Amino acid sequence: MRTSPSYTASYRLQVDESTSSIADVIDAVVETGAEVKGLDVAYSDRGQITLDLTCDMRDSAHRRNVEQRLDRLPGVTTRSVADQTFLSHIGGKIEVHSKVPLRNRDDLSRAYTPGVARVCTAIHDSPQKAHLLTMKANTVAVVSDGTAVLGLGDIGPAAALPVMEGKAVLFKQFGGVDAWPVVLDTKDTEEIIAIVKAIAPAYGGINLEDISAPRCFEIEERLRAELDIPVFHDDQHGTAIVVLAALLNALRIVDKNIADVRIVVSGVGAAGSAIIKLLLAQGARDIVGYGRSGALSGDDTEGMHPSRRWLAENTNPRHVHGSLQEGLRDADVFIGVSHGDILTGEDIATMADGAIVFALANPTPEVDPLEAAKHASIVATGRSDYPNQINNVLAFPGLFRGLLDAKVKEITTEVLRVAAVAIAGVISEDELGPSYIIPGVFDERVPRAVSRAVQQAVRDLPTIDIPVQEHLNSR
């Protein structure tokens with residue numbers, strides 16, 4: 001396991017240079033496998049120095065191991081250890097700033113009473129003015145019940161809050177969109193729907209996050225039908241957008257067409273379902289989805305949840321059965337959104353020439369990326385420490401920027417599809433390569449391209465929009 005900036009720690013050390021040198025300190029740290037990121041002398045007095053040492057570690061146990069190793073050096077004492085990740089979360093990661101000055105009574109009378117009453121009346125008389133005169137024009141609610149947080153599962157709303165704060169930071173940084181976390185202490189589908197509907201007047205869009213399947217399907221579908229603002233479940237559609245974008249570029253490299261390739265998807269929950277549906281919308285014809293019990297097939301749907309039955313009936317045209325390993329034989333594309341370490345390099349070796357492997361389980365991919373790369377032409381993961389990271393931040397900031405600017409009321413499959421095409425198109429033919437099929441998360445071209453594509457798609461749509469679920473069911 002590699003060191004990671006997720007486990008950066010700073011050590012305040014007292015060092016007696018008569019018994020141990022700075023070089024001894026560095027050697028001791030490097031011996032543990034930690035990566036030294038910085039070393040500063042904070043204070044020096046007659047051979048007694050105070051050092052601030054910053055290192056990247058593999059995990060929390062490694063951080064403690066480094067501390068123990070340092071304390072064994074003669075003349076070295078660890079005064080304190082600060083975990084930089086925890087420090088960055090102290091007090092939360094977001095705050096509210098006023099956009100208008102409050103310097104005097106005149107400013108106050110315009111921002112608040114009595115002047116604000118004129119604005120309230122204007123909105124009451126013309127409700128559409130809320131998009132112009134309130135935060136609604138540029139604000140999204142990030143809503144979660146904490147039941148499917150990252151790879152942690154059902155950890156509850158309070159523990160989910162740091163993720164939702166992080167999402168709000170990404171919205172602002174990459175899309176200029178104000179977002180606010182709304183974590184709900186309920187798992188009841190009807191209650192969640194009712195709460196979101198009740199708070200919706202303050203927001204221009206709803207981003208559902210980390211809600212477990214299959215409840216997330218009904219919650220999203222109902223809210224889309226009952227609200228007049230866009231509702232987006234990022235775990236489903238954000239992932240699907242970026243996967244499609246990466247796949248389009250990967251297929252360009254191996255010179256294959258999406259309509260002709262055999263695609264295997266491991267994981268048919270929220271992300272897997274959305275990926276499959278968007279690939280179908282792009283023209284894929286041979287997709288086999290795998291759950292815990294094997295391949296989904298239309299000739300064996302008894303007892304299936306409706307969302308899974310739809311997948312079984314609209315995919316797997318060859319009625320493949322059996323295990324994931326068996327299904328990989330001669331497949332062109334593997335997309336994993338399931339569990340770590342379920343495949344080996346030997347499994348990947350059975351795929352077709354020019355194989356494409358997207359092993360997206362986090363933090364441990366479905367197959368070791370280095371082993372997969374021995375047999376596949378292109379490998380992508382969900383991790384930042386390997387090439388070709390599939391990261392939702394490439395999608396949702398620009399998507400909502402476009403939706404809010406165009407005052408879109410609902411999201412269609414075509415909007416999702418063009419967002420993916422826009423992300424793929426950011427990489428030119430000259431830039432494209434096996435280790436660069438998807439832009440980096442800090443590529444400023446991406447949100448602009450996605451926003452423009454979304455707004456263009458909205459302008460090109462017919463007067464009556466077809467919601468995502470209806471469009472997919474009509475195929």
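I began with helix α2, residues 60–71, which lies across β1, β3 and β4. I noted that α2 runs at about 160 degrees to β4. The model I consulted is a predicted one.

I then turned to the sheet itself. I found an open sheet of four strands in the order β2-β3-β1-β4, with antiparallel pairing. I recorded β2 (35–45) and β4 (76–83) as the edge strands; each has a single partner strand, so one side of each is left without a neighbour in the sheet. On average, and with direction ignored, I read a turn of 20 degrees between neighbouring strands of this sheet.

I next looked up the pairing of β1 with β4. Strand β1, residues 4–16, pairs with β4 in the antiparallel sense over seven bridges. For S10, I identified A82 in β4 as the bridge partner. I also examined helix α1, residues 22–31, which packs on the sheet and touches β1, β2, β3 (48–57) and β4. The direction of α1 makes about 150 degrees with that of β2.

My last entries concern the nonpolar cores. I noted in advance that nonpolar side chains tend to be buried together in soluble globular proteins. The largest nonpolar core here has 77 residues, and I listed I241, I263, L279 and F358 as those with the most contacts inside it. Helix α10, residues 234–254, gives the most to this core, with twelve residues. I followed F358 further: leaving aside residues up to four places away in sequence, F358 touches V243, A246, L247, A250, F334, I335, G336, A380 and I437. I finally registered a second, separate core of 20 residues, which includes I193, Y203, V231 and A270.

Terms used
Residues are numbered from 1 along each chain as its sequence is written. This is a predicted model: local features need pLDDT of at least 70, side-chain atom pairs count only at pLDDT 80 or more; totals for chains, interfaces and linings use all residues. Side-chain values use heavy atoms; hydrogens and water are left out. Two strands pair if DSSP finds at least two bridges between them. Helices (H or I, at least four residues) and strands (E, at least two) are DSSP runs, numbered from the N terminus. Axes are lines fitted to C-alpha atoms, for helices over the stretch in contact, and angles run from 0 to 180 degrees between N-to-C directions. Contact means heavy atoms within 4.5 Å. A nonpolar core is a set of buried Ala, Val, Leu, Ile, Met, Phe, Trp, Tyr and Cys residues joined through side-chain atoms within 4.5 Å. Buried means under 20% relative accessible area, exposed over 50%, partly exposed in between (1.4 Å probe, protein chains only).
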